[in-house]
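Trainee: Could we go through this model together? I'd like to see how the labels are earned.
Mentor: Sure, let's have a look.
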Amino acid sequence: RAVCRAQLAPRVDRLPDIEVVRNAGGIEDALKKADDLQLAGQVDEALRWVTKAIWVADHLAESLAPLTLRARLFALRAELFLRNGSNEEAEEDCSKAILCSPSTTAQAKLCRAKARHLQGKTVAALQDIEALLHEGGAAIRDQTIALKEQIQDAGGCFRDMKIEGADKEVAPTRHAAAPSKNEHEDADPCPDLEVQPTKQGLEQAKANGNNNFAQGAVENATRWFSKAIWLAESGKVPEATTELRSILHSNRAFAHIKMARWLEAEGDCSKAIVLDPGNAKAKYRRALARAELDKPEEALKDLEIMLAARPETRGGKEETDLRARLEAQIIARSAVSMEESDKFPDIIVHRTFEGVESGKNTGNSLFAEGRLEDSVRWFSKCLWLLDTDKVPDAGIRGNQLKAALHKNRAFAYFKLTRWSESERDCFEALKHDHRDVK
């Protein structure tokens with residue numbers, strides 16, 4: 001259950017305007033509401049409802065919110081993320097759905113394969129497809145085969161890597177990502193707004209959005225930005241530059257922030273940064289959104305990049321306050337993490353240096369067998385023992401063992417395409433052994 005919940009679910013309700021009764025029936029009603037909104041084409045509102053339902057489920061006992069229900073919540077939100085082009089978020093939610101209920105998530109695996117393909121993660125996508133074809137599932141077999149053919153047509157390339165202590169060579173490199181699903185595949189989001197399909201028309205729509213925002217008409221501002229984005233990404237305005245499209249997404253993100261639509265703001269900022277990696281405002285705004293989504297490490301990284309790009313803002317009150325808030329969140333997260341009880345009571349590791357070393361070797365063996373999630377659990381149990389000082393004879397040797405465990409778990413995360421966790425583990429490994437080139 002702990003794996004299926006957010007790493008530390010935000011305690012503050014980020015969507016207080018949405019009321020969900022705190023029991024299984026209330027969550028089912030919210031799930032139905034989100035599904036109805038999706039069918040009506042209101043993807044953003046559907047995302048808000050299912051996100052609130054997940055937040056409620058994360059704060060209930062498992063008896064009130066069983067894992068099968070959580071799997072359905074994550075699976076639906078993944079489909080919604082896929083529809084609005086948030087492919088990385090879709091992949092993450094699919095993985096959570098599969099972890100919650102491995103036996104009933106064929107649709108989630110297909111969705112994850114699509115999300116991975118759209119990010120250029122060819123090998124990982126094909127692994128999901130092969131698993132689906134092997135496991136059966138006639139209802140989605142045709143879709144699975146069609147997706148496999150589409151991916152194979154796109155081609156790909158690979159690079160071999162090895163985990164320490166294992167012989168199996170694995171892991172893909174990224175290749176050019178296939179184009180993601182864009183908003184132009186939907187109907188005109190604002191048919192009542194007239195915008196000329198020219199670059200000048202887009203600039204005027206942007207100006208209208210900015211004026212509405214300045215006057216406090218934030219919802220109207222998002223509609224102008226959305227109309228301009230739809231035109232720019234539909235191919236109707238060939239001269240629309242990536243810089244202009246990035247600004248439109250960044251401006252709409254700021255409007256979402258003003259309305260506390262944190263997920264939508266994060267998504268728009270991410271799109272803005274993909275279009276223009278130098279968009280410092282988008283970095284700062286994503287940091288604001290991620291702070292509210294309880295992602296302090298990622299938010300702090302965005303803030304640091306923005307400050308490096310715009311050093312004149314370093315020392316400003318807003319930036320200083322945000323940094324202090326994020327650092328406090330990270331410290332609080334660390335303190336709670338250290339106090340947590342054993343998340344893996346089913347894994348028995350003797351509380352000695354040799355016992356933890358043996359546990360690491362078990363994780364390596366599981367990795368070599370392709371049982372990546374199991375290997376992560378073993379590495380995590382060993383790290384928990386060392387981090388909570390439950391191995392009295394570890395001494396200085398414990399730091400070297402921690403470095404190896406973090407490094408090996410990082411590679412397991414890498415193979416699972418869980419990039420942020422892999423990066424974090426590599427960082428931890430280097431803290432213990434800065435000379436480790438792997």
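Mentor: Start with Glu292, which is buried at a relative accessible area of 14%. Keep in mind that this is a predicted model.

Trainee: Why is Glu292 called buried?
Mentor: Its relative accessible area is 14%, and buried means under 20%, so the label fits.

Trainee: And what makes Arg325 partly exposed?
Mentor: Arg325 comes out at 33%. Partly exposed covers what lies between under 20% and over 50%, so that is where Arg325 belongs.

Trainee: How do you know that Glu292 and Arg325 form a salt bridge?
Mentor: Their side chains meet at 2.9 Å, N to O. The cut-off is within 4 Å, from a Lys or Arg nitrogen to an Asp or Glu carboxyl oxygen, so the pair counts. Glu292 sits in helix α12 (residues 280–292) and Arg325 in helix α14 (residues 317–339), so the bridge ties together parts that are 33 residues apart in sequence.

Trainee: What makes Arg48 and Asp17 a salt bridge?
Mentor: Same reasoning: the closest N and O atoms are 2.8 Å apart, and the limit is 4 Å, so they qualify. Arg48 lies in helix α2 (residues 43–58) and Asp17 in the segment before α1 (24–39), so parts that are 31 residues apart in sequence are tied together.

Trainee: Are those two residues buried or exposed?
Mentor: One of each. Arg48 has 9% relative accessibility, so with the line drawn at under 20% it is buried. Asp17 has 52%, and exposed means over 50%, so Asp17 is exposed.

Trainee: Why do Glu428 and Lys431 count as a salt bridge?
Mentor: The closest N and O atoms are 3.3 Å apart, and within 4 Å is what's asked, so they're in. The two are three residues apart in helix α18 (residues 419–432), separated by about one helical turn.

Trainee: How many salt bridges turn up in the whole structure?
Mentor: The search finds 33. Some are linked: Glu266, Lys283, Arg286, Arg290, Lys295 and Asp302 make up a network of salt bridges.

Trainee: Which residues touch the most other members of the largest nonpolar core?
Mentor: Ile27, Trp49, Val50, Leu73 and Leu80, out of 42 residues in that core. Helix α2 gives the most to this core, with ten residues.

Trainee: What does Trp49 touch?
Mentor: Leaving aside residues up to four places away in sequence, its contacts include Ile18, Val20, Ala30 and Leu37.

Conventions: Residues are numbered from 1 along each chain as its sequence is written. This is a predicted model: local features need pLDDT of at least 70, side-chain atom pairs count only at pLDDT 80 or more; totals for chains, interfaces and linings use all residues. Side-chain values use heavy atoms; hydrogens and water are left out. Helices (H or I, at least four residues) and strands (E, at least two) are DSSP runs, numbered from the N terminus. Buried means under 20% relative accessible area, exposed over 50%, partly exposed in between (1.4 Å probe, protein chains only). A nonpolar core is a set of buried Ala, Val, Leu, Ile, Met, Phe, Trp, Tyr and Cys residues joined through side-chain atoms within 4.5 Å. Contact means heavy atoms within 4.5 Å.
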